[in-house]
Amino acid sequence: MIDLKTGKIVINEQKGWVLEPGMKWEDLKKSNIYVNGPIHENYRLHPEWQGAFFEHIDIDGFDMSVDVNVDTNGYIHKIFIYHPDAHNQCLSKEEAYKFKAFHDEFISHQIGNQLKGSGEIWLDYDWGSITSEINLMHDSIVDIIIRYDTIPIRIKKGEIKHATKEDVEKFFRELRSML
């Protein structure tokens, strides 16, 4: 279940399998889903890989795979959710659209609203966004992508600061001096 106010994803409440904005790589490695969940064997063999891939997870009655990506600052910033067979590079156009419809049904279930259309769906929230995408240009890629906006989290934690007017003016002065 995706909490639309916070961006928290509760994959399995009884098992404590949760992903949420502000979660860092170190937090993920200690989390219940990483330690006890169905993480793909390659991620256990390569602990230096920053991220995780979980295959065949039941999320609210939908059989899904979950691929967690970490940004260069160590924060979870993208979570790909998709039907386990949706990343087959040999999908026909018809199969790809079948998975797209399945993904849209999953999102509709999460947000409590019926989605219309078969193209890209983009839903913005304070914490980030949810998209349902299909790309048939090269490989058949059909994904739901949860994107977390990590900048407000990093500002709140004091890792980065808001640029003041003086900071911006100084930046442009220095830039002009290099030209």
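## The sheet

In this predicted model, six strands make up an open sheet, arranged in the order β3-β4-β5-β8-β7-β6 with antiparallel pairing. The edges are occupied by β3 (51-59) and β6 (121-125); each has a single partner strand, so one side of each is left without a neighbour in the sheet. On average, neighbouring strands are turned by 20° against each other, direction ignored.

In general, the strands of a sheet pair through backbone hydrogen bonds, in either a parallel or an antiparallel manner.

## The pairing of β6 and β7

The edge strand β6 is joined to β7 (residues 128-135) by five bridges in the antiparallel sense. One residue pair can be named here: Tyr 125 has Gly 128, in β7, as its bridge partner.

## The helix on the sheet

Helix α4 (residues 93-111) packs on this sheet. The strands that α4 touches are β3, β4 (62-70), β5 (76-82), β6, β7 and β8 (141-148). The direction of the helix makes about 160° with that of β7.

## Ser 132 in strand β7

Is Ser 132, a residue of strand β7, buried or exposed? Its relative accessible area is 0%, and the cut-off for a buried residue is under 20%; Ser 132 is therefore buried.

Which residues surround Ser 132 in the fold? Leaving aside residues up to four places away in sequence, Ser 132 touches Lys 100, His 103, Asp 104, Ile 107, Gly 119, Glu 120, Ile 121, Asp 143 and Ile 144. With Lys 100 there is also a polar contact between the two side chains, at 3.1 Å.

Conventions:
Residues numbered from 1 in each chain as written. Predicted model: local features only at pLDDT ≥ 70, side-chain atom pairs only at ≥ 80, totals over all residues. Heavy atoms only, no water. Pairing = 2+ DSSP bridges. Helix = DSSP H or I, 4+ residues; strand = E, 2+ residues; numbered from the N terminus. Axes fitted to C-alpha atoms, helices over the stretch in contact; angles between N-to-C directions. Contact = heavy atoms within 4.5 Å. Buried < 20%, exposed > 50% of the residue type's maximum accessible area, 1.4 Å probe, protein only. Polar contact = N/O pair within 3.5 Å; in protein donor to acceptor, adjacent residues only side chain to side chain.
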